[in-house]
Amino acid sequence: MTDLLDKETDFSNMIDARLSRRSFLMGTAAVGAGAFLALNPVAKAIAANMDSKLLNFMQVPASTNDTVIVPKGYSISNLMSWGDPIFTNAPAFNANGKQDSTAQAMQFGDNTDGMSVFPLSKDHAILAVNNEYTNYEYLFDHQGKAMTADDVKKAQAALGVTVVELVRKDGKWIMDPKGKVNRRITANTEMHVTGPAAGHDLLKTKADPTGKKVLGTINNCSNGHTPWGTYLTCEENFNGFFGAEEEVALDDNYKRYGVEATQSKYQWHNFDERFDLAKNPNEPNRFGWIVEIDPKDPTSTPLKRTALGRFKHENAAFVINDDGHAVVYLGDDERGEHIYKFVSKHKYQAGNDSANRQLLEEGTLYVAKFNMHADKLEGDGEWIELTYGKNGLTKENGFNSQAEVMIFARKAATQVSATTMDRPEWIAVHPDNKHVFCTLTNNKNRGVKEGQDVDGPNPRAENHYGQIVRWMPTDGNHADNTFKWDLYLIAGNPTVHKGDLYAGSANINEDNMFNSPDGIGFDKAGRLWIQTDGNYSNEGDFAGQGNNQMLCGDPMTGEVRRFLTGPIGSEVTGLTFSEDQKTMFVGIQHPSGHFPAGGDNKPRSTIVAITKDDGGVVGS
Ligand code: FEO
Ligand code: CA
Ligand code: CA
């Protein structure tokens with residue numbers, strides 16, 4: 001792919017969304033029908049170039065069916081569903097919702113999300129996969145209406161991370177309940193805190209006066225992995241698991257993360273005082289981190305990496321910079337939050353993994369500021385350092401240490417005037433190691449709430465479709481403090497909207513349209529896989545878009561083609577490949593019909609394995 005990628009360094013030639021600043025600032029109503037195409041010189045080229053050499057499959061139509069559909073010439077099998085036993089002595093799944101916490105702790109967790117394959121040999125691998133949260137309506141026979149202490153334990157055992165071994169037999173990957181590394185990591189697994197916030201007073205609790213020993217990881221959204229073989233799990237909406245039965249005064253530092261002293265939906269605080277803000281006000285400070293896990297050692301202690309900041313982490317896009325520094329791009333998924341970058345202090349040393357394992361312990365966190373070039377949906381940007389004592393991160397402004405800058409990273413980002421974004425979800429680094437893509441899934445507050453003006457890579461008010469921003473670090477150096485950006489695509493609905501930005505960019509048409517891009521990832525050949533988590537009503541603004549889906553984009557031509565449609569109610573999230581790229585694993589989260597078993601069966605979050613019938617590489 002190198003030859004192809006060299007050409008791509010002419011960044012300005014790639015943009016598919018050049019509208020006048022005036023036209024998009026005016027919003028949907030004011031943009032004239034001709035403005036979009038007239039001001040989009042690349043539009044014609046992209047529209048004509050729908051024969052990507054990278055994308056070699058027939059697009060599937062949008063679907064409202066209660067099943068997973070893939071292109072002709074591909075097959076699907078179910079790898080693992082919520083409740084499947086992952087140990088030989090684990091009880092079989094029972095759909096009656098009466099199984100207890102002990103059973104759940106030995107079964108695959110709920111709501112499959114980000115995942116990574118760690119190859120062991122040609123037909124043997126480890127899969128580490130997040131279980132983001134739980135669906136009480138299916139988890140319990142009482143749907144959460146009559147919770148007991150054990151029900152809370154069961155819910156705590158249904159999320160976190162699942163590690164299992166996979167084996168390929170007769171060309172088909174299956175989960176091996178006999179796998180030596182099989183493990184459940186839950187809301188009660190012991191972990192250690194490392195980095196600048198470790199041991200800080202704000203992390204100390206009654207049960208842990210050291211502030212360095214946390215139980216559990218929660219709301220594990222997406223993921224990342226390192227070249228030294230560890231898995232990164234990202235804690236997202238941790239706030240939802242905290243509550244209080246009595247009134248507790250919570251300051252802005254809680255509010256900024258949505259932590260509220262109310263009756264929480266999950267009801268953990270009613271039975272587990274760790275999640276009761278009245279009793280343990282510091283416990284929420286112990287979540288919202290990136291957690292590093294060694295999937296090959298089931299006895300290893302997961303490490304919370306506080307040098308990467310505390311926010312609602314979506315994923316962790318890892319790259320080794322040309323100069324050897326480990327760089328991790330990080331999105332904070334909330335309306336009006338930010339995009340971050342961590343650069344390790346020390347350098348990666350090939351073959352010295354005991355040293356490499358310290359790389360996420362120490363480094364510098366930055367937050368992105370996007371500047372727009374006049375009249376174009378492109379611009380440059382800078383990374384602003386979030387280091388105590390610099391850029392106004394001082395005592396006068398309420399920061400007393402680097403630990404506080406990390407614990408309240410959102411507040412630090414605001415202090416340095418970082419750009420508020422349309423819900424940054426996943427970030428992916430192209431295999432050329434230079435271009436970085438980030439999904440901005442949607443943002444109903446854009447142009448509505450203070451501080452969220454229509455600007456830069458967030459060009460639409462009340463943005464319910466989402467877009468994908470792309471940046472290239474200066475000189476291809478991820479440690480550089482500057483970059484250039486453009487928009488790879490603007491999702492929209494060209495059948496409902498005509499001639500304005502809500503119709504989408506020119507690479508979106510009525511055959512491939514979708515809303516709310518979320519999971520993204522590159523395969524080795526440089527195909528950009530795009531998963532959606534959006535409105536599947538198939539009505540109004542979303543008419544014709546059907547269920548959530550997965551598409552595949554060619555980063556060179558801009559072409560986007562739909563590869564998969566998910567079942568009713570589901571979000572398509574989580575993607576990884578076997579080492580030979582001949583099997584792609586895709587997560588189907590929170591289906592609400594009867595997937596995967598059909599009939600009258602309860603829906604179950606499920607990982608599907610997709611193969612090409614001719615035995616080739618998926619997508620090729
Ligand atoms: Fe768990 Fe932002 O998705
Ligand atoms: Ca997501
Ligand atoms: Ca989402």
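This report describes a calcium site, several backbone features and the surroundings of one lysine in a predicted model.

**The calcium site**

Three residues of the protein supply donors to the calcium ion (ligand 3): Glu425 (OE), Asp518 (OD) and Asp533 (OD), at 2.3 to 2.4 Å from the ion. Along the sequence, the spacing of these donor residues follows the pattern E-x92-D-x14-D. A second calcium ion (ligand 2) lies 3.7 Å from the calcium ion (ligand 3), and glutamate 425 coordinates both ions. Distant parts of the chain are linked here, since glutamate 425 belongs to strand E18 (residues 424-429), while aspartate 533 sits in the loop between strand E23 (528-532) and strand E24 (549-553), 108 residues apart. Glutamate 425 is classed as buried because its relative accessibility is 2%, a value under the 20% limit. Aspartate 533, in contrast, is partly exposed, and its relative accessible area is 24%.

**Backbone features**

Two residues other than glycine have a positive phi, as the table shows.

| Residue | Phi | Location | Relative accessibility |
|---|---|---|---|
| Aspartate 170 | near 50° | loop between strand E4 (160-169) and strand E5 (172-176) | 83%, exposed |
| Arginine 423 | near 55° | loop between helix H12 (409-415) and E18 | 18%, buried |

Aspartate 170 counts as exposed because its relative accessibility of 83% is over 50%. Arginine 423 counts as buried because its relative accessible area of 18% is under 20%. The loop that holds arginine 423 leads to E18, the strand that contains glutamate 425.

Another backbone feature is the cis peptide bond between phenylalanine 595 and proline 596, for which omega is about 5°. Proline 596 is located in the loop between strand E27 (583-589) and strand E28 (606-612).

**The surroundings of lysine 602**

Lysine 602 is also placed in the loop between E27 and E28. Is this residue buried or partly exposed? Lysine 602 is partly exposed, because its relative accessibility is 21%, which falls between the limits of 20% and 50%.

When residues up to four places away in sequence are left aside, lysine 602 touches Ala95, Asn96, Gly97, Tyr138 and Phe595. Phe595 is thus a contact of lysine 602 as well as a partner in the cis peptide bond. The side chain of lysine 602 has a polar atom 2.7 Å from the backbone oxygen of alanine 95. This side chain also reaches the backbone oxygen of tyrosine 138, at 2.7 Å. Between lysine 602 and methionine 175, the C-alpha to C-alpha distance is 21 Å, and the two residues are 427 residues apart in sequence.

Notes: Residues are numbered from 1 along each chain as its sequence is written. Chains are lettered from A and ligands numbered from 1 in the order in which they are written. This is a predicted model: local features need pLDDT of at least 70, side-chain atom pairs count only at pLDDT 80 or more; totals for chains, interfaces and linings use all residues. Side-chain values use heavy atoms; hydrogens and water are left out. Donors are N, O and S atoms within 2.8 Å of the metal (3.2 Å for Na, K and Ca); water is not among the atoms, so sites may look incomplete. Helices (H or I, at least four residues) and strands (E, at least two) are DSSP runs, numbered from the N terminus. Buried means under 20% relative accessible area, exposed over 50%, partly exposed in between (1.4 Å probe, protein chains only). Contact means heavy atoms within 4.5 Å. A polar contact is a pair of N or O atoms within 3.5 Å; within protein, one must be able to donate a hydrogen and the other to accept it, and residues adjacent in sequence count only if both atoms are side-chain atoms.
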